[in-house]
Amino acid sequence: MNGFAGFVLRRALGTVVTLFAISVIVYLVFYATPGDVAQITCGPRCSPVQVHQVAQQLHLDDPLYVRYWHFLQGILVGQDYSTGTSTEHCSAPCLGLSYQTDQQVTQLILTKLPVSLSLVLGSMVLWLILGVGTGVLSAWRRGRLSERLLTGITLTGVATPVFVIGLILMIIVCGQLQLLPFPQYVKFTDDPEQWAWNLLLPWLSLALVEAAAFARLTRASMLETLAEDHIRTFRAYGVGERAIIRRHALRGALAPVIALNANNVGSAVGGAVLTETLFGLPGIGQELVHAVNVVDLPVVVGMVLVIGFFVVLANAVADVLYAVADRRVVLA
């Protein structure tokens, strides 16, 4: 237990350091580049007085390290913003104020985040079921016609963009067959059944692409595990093939699947731009595209930080689950 606790503590400290590094890089990229940062942040319609006010709020006259400290301080403890006639307090974690909509970036993200999380988590369940199941079946039926068919299907899935699959599903399922309604986001708290029913098509579109990668990885891991000495020993003692796969081989093949799933979940939060735009889902991806189009710099910075947070957090959780699945990781 001490070894595992130390492993978790090291991963937690590494996560904090990584998040700090991401904040430094993001700040340098967006706020320390050549150009009139105050004008870009405020927007093209701002008057010279408003631009000067934004420059003061961003502390652009101070040295770079002082400016970054104020930026970091806003995330950790919050800060105050002057709106011209009054002062508005932005509570921690404060990611800034959108000068296009006069809305706090944190509040804007919190309104969009449930949509993206609903899309990603629902898709994750489907891509794990489809991908791992297909990979196990493909490894079990190695060398047979069914295995070759499954391999062809997974290769097709890897090579097909998500927007192509989404369009095909919408045309066939919603248009021709009319089995599902055209997706329209419904809050889970309002109607759980309609929430799932309207997200089923986006879930399938994203899951079919990701499941192909999981199927290939699971198949390769299963074949490697089935070739190990202890599996041959089980077979020599007369243990059935299904029991070997279910009780022994699958667990040994799960470690790389856990790692891949963490990468996919973290990146899918920000990478669901195409899916959200295609199906008209008001999530983080669609909002990020809008913020880039209108040059709303504080929103772009906040979205990038949140996406980076989820990527790092997902990988940290994967490291812990990896260690649970294979305790040799703790000793490494």
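Q: Is Lys112 buried or exposed?
A: This is a predicted model, so every value here is computed from predicted coordinates. Residues count as buried when their relative accessible area is under 20%. Lys112 has a relative accessible area of 18%, so Lys112 is buried.

Q: Which residue forms a salt bridge with Lys112?
A: Side chains of opposite charge can pair when their charged atoms come close. For Lys112, the closest N and O atoms of the pair are 3.9 Å apart, within the 4 Å cut-off for a salt bridge. The partner has a relative accessible area of 14% and is buried. That partner is Glu287.

Q: How many residues apart in sequence are the parts that Glu287 and Lys112 tie together?
A: Let's place both ends of this salt bridge, Glu287 and Lys112. Glu287 belongs to helix H12 (residues 284-293), while Lys112 sits in helix H5. The pair therefore ties together parts that lie apart in sequence by 175 residues.

Q: What is the distance between the closest N and O atoms of Asp319 and Arg11?
A: The structure holds two salt bridges, and Asp319 with Arg11 is one of them. Asp319 lies in helix H13 and Arg11 in helix H1, so the pair links parts 308 residues apart in sequence. Their closest N and O atoms come within the 4 Å cut-off, at 3.4 Å.

Q: Why does Arg11 count as partly exposed?
A: The partly exposed class runs between the buried limit of 20% and the exposed limit of 50%. Asp319, the salt-bridge partner of Arg11, falls in that class with 32%. Arg11 is partly exposed because its relative accessibility is 30%.

Q: Which cysteines form a disulfide?
A: A disulfide is a covalent bond between the sulfur atoms of two cysteines. The structure holds one such link. Its sulfur atoms are 2.2 Å apart, within the 2.5 Å cut-off, and the link is right-handed, with 110° about the S-S bond. The two residues are Cys90 and Cys94.

Q: What is the relative accessibility of Cys90?
A: Cys94, the disulfide partner of Cys90, counts as buried at 2% relative accessibility. Cys90 counts as buried too, with a relative accessibility of 1%.

Q: How much space lies in the largest cavity?
A: Rolling a probe the size of a water molecule over the atoms shows where empty space is left. Across the whole structure, a search finds one cavity of 30 Å³ or more. The space in the largest cavity is about 200 Å³.

Q: Which element gives the largest share of the lining of the largest cavity?
A: The largest cavity has 18 lining residues, with Tyr31, Leu58, Phe71, Gln79 and Tyr81 the closest to its centre. Two or more residues each come from helix H1 (2-31), helix H4 (64-77) and strand S1 (79-82). By class, the lining has eleven nonpolar, six polar and one charged residues. The largest share, three residues, comes from H4.

Q: Which element gives the largest share of the lining of the largest pocket?
A: About 510 Å³ of space lies in the largest pocket, and of its 18 lining residues, Ile75, Pro93, Leu95, Leu305 and Phe309 are the closest to the centre. H1, H4, helix H5 (105-140) and helix H13 (297-325) each supply at least two residues. The largest share, five residues, comes from H13.

Q: How many charged residues are in the lining of the largest pocket?
A: This lining divides into 15 nonpolar and three polar residues. For charged residues, the answer is none.

Methods. Residues are numbered from 1 along each chain as its sequence is written. This is a predicted model: local features need pLDDT of at least 70, side-chain atom pairs count only at pLDDT 80 or more; totals for chains, interfaces and linings use all residues. Side-chain values use heavy atoms; hydrogens and water are left out. On a 1 Å grid over the protein atoms alone, a cavity is a set of points where a 1.4 Å probe fits but cannot get out, and a pocket is an open set with protein on both sides within 12 Å along at least five of seven lines; lining residues have an atom within 4 Å of a point. Grid points are joined across faces, edges and corners, and a volume is the space filled by probe spheres set on the points. Helices (H or I, at least four residues) and strands (E, at least two) are DSSP runs, numbered from the N terminus. Ala, Val, Leu, Ile, Met, Phe, Trp, Tyr, Cys and Pro count as nonpolar, Asp, Glu, Lys and Arg as charged, and the others, Gly among them, as polar. Buried means under 20% relative accessible area, exposed over 50%, partly exposed in between (1.4 Å probe, protein chains only). A salt bridge is a side-chain nitrogen of Lys or Arg within 4 Å of a carboxyl oxygen of Asp or Glu.
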